[in-house]
Amino acid sequence: MRVIVTGGAGFIGSALCRYLVGECGWQVLNIDKLTYAADQRSLASIEGAPGYRFMQADIADGDKISHILDDYQPDAVMHLAAESHVDRSIDGPGDFIQTNIVGTYRLLDAALHYWRNLPEDRQKTFRFHHVSTDEVYGSLGAEGLFTESTAYQPNSPYSASKASSDHLVRAWHHTYGLPVVVSNCSNNYGPYQFPEKFIPLMILNAMAGRKLPVYGDGQNIRDWLHVNDHVAALRLVLQHGTVGETYNVGGRNEARNIDIVHQIINHVRDLSPHRTLPPDDELIEFVADRPGHDRRYAIDATKLENRLGWQAQYSLETGLRDTVAWYLNHSGWWQPILDRKYQGQRLGVA
Ligand code: NAD
Ligand code: TYD
């Protein structure tokens, strides 16, 4: 397989590139604008691999993307490039509209033009895989799960921009026949995640004995998916998913934020016994809630499990412990980010 991955210098995109090049032996061209969230050091393990190439480009630059498609002649586009952090979307929605909506539109248009000019046999096998989020479905109460037929009800500027992009992808399939597949996944965690996100921020703060800022009452629930399980699902959806259909990806790992925080502190204590951490209640600080904070996300992954044979390999317990261990052992990766890009300050208070 010869694929273009957009956003391959980000958290999930870099895991996908490492997996496709390093484990599956595919040829990958990574297209990334290199925003604050990108880090090429996350790709060091495949940088010299013969099947891997990188090109800096903005997905909203339609002409450039068209040239890249014509030159590279991919069998598929896996679209992950996005502005991805809810708190930043509260502070500045403009970039989210530009990249997630306008950028996806330009990419779709370039892909459609490319696809129409392919020979018939290659048109049949070409795929545009759009990677999206379960946040498009809105917020759940105490009961129930998101399925592929749950109505869209996005609440944040981020989720509204992703919902818009999902609708554009759907329309490009129904109107123009572009062969698309869509996946909507729950919250990812694992190595190389930018420390603005909940789990890495809590790990780094706990390691440093800094306060752990928990929004609201800490009872919000997320359904955690290890990034390695996610990228394995993406490959299955791309290769075996039915054109025009959506697949929900989730690890069946629901947890309250406050429980995740206690688990992280325990893992740090356990894996790094020379650190003397204050008691949990001195480390944890309940702070003002996020505006519009969704209460609960939970994915029903039955379709992916039954039709494509996917199973999550990581329990939250082992995945979280591995992730804490990774951050403990990789200060060389995160310290320059804390020095130059993001110092852990609160975002998205509106
Ligand atoms: P990330 O923020 O870590 O990385 C995004 C990457 O996209 C960065 O490398 C950035 O430079 C690149 N990018 C941004 N704007 C671009 C543009 N205009 N042109 C080209 N590249 C651009 O994000 P992530 O967490 O890896 O998420 C990847 C995808 O998965 C996103 O589409 C996101 O909406 C989706 N998703 C993420 C999660 C999660 O928990 N992280 C959950 C569900 C869905
Ligand atoms: P986040 O990683 O931003 O993902 P999302 O908002 O897309 O689910 O946040 C995960 C959960 O953690 C969410 O309920 C907000 C909460 N949270 C905190 O309590 N404190 C924090 O400092 C951050 C960044 C998030």
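**Sheet and helix exercises**

Arginine 127, in strand β5, is the bridge partner of alanine 76. The model is predicted: local features need pLDDT of at least 70, side-chain atom pairs count only at pLDDT 80 or more, and totals for chains, interfaces and linings use all residues. Residues are numbered from 1 along each chain as its sequence is written, chains are lettered from A and ligands numbered from 1 in the order in which they are written, and side-chain values use heavy atoms, without hydrogens and water.

**Exercise 1.** Describe how β4 and β5 pair, and place them in their sheet.

*Solution.*
1. β4 (residues 76–79) and β5 (residues 127–133) are parallel and share four bridges; strands are DSSP runs of E, at least two residues, helices runs of H or I, at least four, numbered from the N terminus.
2. Two strands count as paired if DSSP finds at least two bridges between them.
3. The open sheet has seven strands with parallel pairing, in the order β3-β2-β1-β4-β5-β6-β11.
4. At the edges, β3 (52–56) and β11 (246–249) each pair on one side only.

**Exercise 2.** Find which strands α2 touches and its angle to β2.

*Solution.*
1. α2 (residues 62–72) packs on the sheet, in contact with β1, β2, β3 and β4; contact means heavy atoms within 4.5 Å.
2. Its direction makes about 170 degrees with that of β2; axes are lines fitted to C-alpha atoms, for helices over the stretch in contact, with angles from 0 to 180 degrees between N-to-C directions.

**Exercise 3.** Decide how many residues of α7 are buried.

*Solution.*
1. Buried means under 20% relative accessible area, exposed over 50%, partly exposed in between (1.4 Å probe, protein chains only).
2. Nine of the eleven residues of α7 (198–208) are buried, among them Ile199 and Met207.
3. The cover includes β8 (212–215) and α9 (257–271).
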